[in-house]
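Please open the model in your viewer and keep the selection panel at hand, since the tour below moves from one selection to the next.

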Amino acid sequence: MTRTSDNVTTRRRLLKGGVVSALIGALIPSGFARATVYATADEARRLIWGGEEFLQIAVTLTKDQKTKIRKLAKTRIYSDKLNVYRSAQGNWFILDQVIGKHEFIDLAVGIDNTGKVTGIEVLEYRESYGHEIINPKWLAQFYGRDNSKRLRLTKEIKNISGATLSCRHVTDGINRLTNTWDLVLKHIKV
Amino acid sequence: MSEISRAQPWLGTFVEIYIKADIGPDELASISQAGFDKIAHIHKLMSYHEGDSELTKINRNAASAKVQISPHMQRVMTLALDLSKRSDGRFDVSIAPELIQKGYLPNTIERPKNPGDWRDIELLPDEIGFKKPLLLDLGGIAKGYAVDLAFDCMSEMVPDAHQISVNAGGDLRVLRWQGEKAQIEYRDIMNRPRYAPVPMLAPAMASSGLYPRGKDNHLVFRPGDNQKRPRRNVITVFASSSMVADALTKVAYLADDYLDLVREFGGIALATNWTGRAKVMS
């Protein structure tokens, strides 16, 4: 068998990849994802609250509380278990997740003892199209080497231009948390 | 040597700050915080959505009486009006009424029936007035200005940093940009995001022309023109500042015939097509 030139091979691979991915796309929702990790929960706590010490408090929202918060914040509530921490001064450190149409964002939020939001840090940002990537290797065979690189974009993400990502879901999430503070957290006695 | 990478939601998007320098983690935290404080300040002045922003006060009152403005607003409006004049109105920050009509901005302030345009804006030292009722939306240009302000503040604090970058939803400013690569996000034929690598050609870059997902709508409008822009590409502009780069992407995107203006401001415009090929526009 004669060797084709690199150019032709690449083109064929692209074409094949295109056709295969189009077919797969029609049958199984394929995933495209980009993930960026900014800070750990501990780092975010220090960024928002410095050296202040926090203790985790177990809080589970009742059905009634969930309904009230949902109505006040006009946003969905995915989990009734809260991941919240309180300091001796009555300040709160909250770990939360917001889910948009294409994005999953892990957030850390500081709310002080008067209910004021003192800081919001994005911990991790994941953007996905179709389903979340379950097996990157499986996907890589369809999209070539470029795809596996895209999955590890953390180092390069700081130089991406053109991605005007909307933070509307984060705004909704913050609204949900301030309402949660007002209805629930504020009234918790130690 | 240590580094920090943080992201916060501001200006309707996510703002990323990255610093790499020979300083301790506490210092990195406080310097990046100083950068975010600048961004937050501009958000509070120039957000269309904040009910008590300086922009909202101007939009509500400038048609009936002159409104005092901050030096920040003065700088942004000076560039905006200069660009409007030199592009014969292709670039126009009084686009808000059209954006409200198309559902991109909330109808919190009543849309004027026959709104004026950039020619009806009177910018005086420390004051602004409208000759006709109109509404301003500073969107991209304010975002670019906020990036510059945060960047300048942090690079003054650590002038010998190995790297500083600020990215607000695609408005990017980089300290050591020579030899750095950037990625332009574009959409392939199936509307999936892909990234085209390009070398950084200047300290700042901005891109325009991506569409909201799943909709055939356009985020960039030519004032007074309901025609759809060609779906083909993303326009990226490299310039010395983010504010200029962001504003010039709109000029280059909307008016190919005004590319001279991009050059006059020292900008370089690139067009990326759906295959990811980036080409210098001339």
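**A tour of chain B**

Begin with the two helices α1(B) and α5(B), whose crossing is right-handed; bear in mind throughout that this is a predicted model. Select residues 25-46 of chain B for α1(B) and residues 139-157 for α5(B), and you will find them packed at an angle of about 155°, with their axes 8 Å apart. Because an angle over 145 degrees counts as roughly antiparallel, the two helices α1(B) and α5(B) are described in that way.

Now show the side chains where these helices meet. On the α1(B) side, select Ile31(B), Ala34(B), Gly35(B), Lys38(B), Ile39(B), Ile42(B), His43(B) and Met46(B), and on the α5(B) side Ala142(B), Tyr145(B), Ala146(B), Leu149(B), Ala150(B), Cys153(B), Met154(B) and Met157(B). Coloured by residue class, the contact of α1(B) with α5(B) comprises 13 nonpolar, 2 polar and 1 charged residues.

Turn next to the sheet, which is open and built from 8 strands of chain B, antiparallel in their pairing and ordered β1-β2-β6-β7-β10-β11-β12-β13. Select residues 2-10 for β1 and 278-280 for β13 of chain B: these strands stand at the edges with a single partner strand each, so one side of each has no neighbour in the sheet. Looking across the sheet, you can follow a twist that averages 15° from one strand to the next.

From the edge strand β1(B), move to β2(B), with which β1(B) pairs in the antiparallel sense over 9 bridges; a useful place to centre the view is Ile4(B), which stands opposite Ile19(B) in β2(B). Then add helix α6(B), residues 242-254, which packs on the sheet and touches β7, β10 (204-208), β11 (234-239) and β12 (268-272) of chain B, its direction making about 145° with that of β11(B).

Which strand should be selected next, and is it largely enclosed? Choose β6(B), residues 163-168, where 5 of the 6 residues are buried, so that this strand is largely enclosed by the rest of the structure. On one side, β6(B) pairs with β2(B), residues 13-21, in the antiparallel sense over 6 bridges, and Glu16(B) can be seen opposite Asn167(B) of β6(B).

β6(B) is also joined by 4 bridges to β7(B), residues 171-174, again running antiparallel, with Val166(B) having Arg173(B) in β7(B) as its bridge partner. Finish at the hairpin of β6(B) and β7(B), which has 2 residues between the strands, and select Gly169(B), which takes a positive phi near 50°.

Definitions and conventions. Residues numbered from 1 in each chain as written. Chains lettered and ligands numbered in written order. Predicted model: local features only at pLDDT ≥ 70, side-chain atom pairs only at ≥ 80, totals over all residues. Buried ≥ 20, exposed ≤ 12 C-beta atoms within 10 Å, placed from the backbone. Pairing = 2+ DSSP bridges. Axes fitted to C-alpha atoms, helices over the stretch in contact; angles between N-to-C directions. Parallel < 35°, antiparallel > 145°, perpendicular 65-115°, else oblique. Left-handed = near helix turned anticlockwise from the far one by under 90°. Contact = placed C-beta atoms within 7 Å. Nonpolar A, V, L, I, M, F, W, Y, C, P; charged D, E, K, R; others polar.
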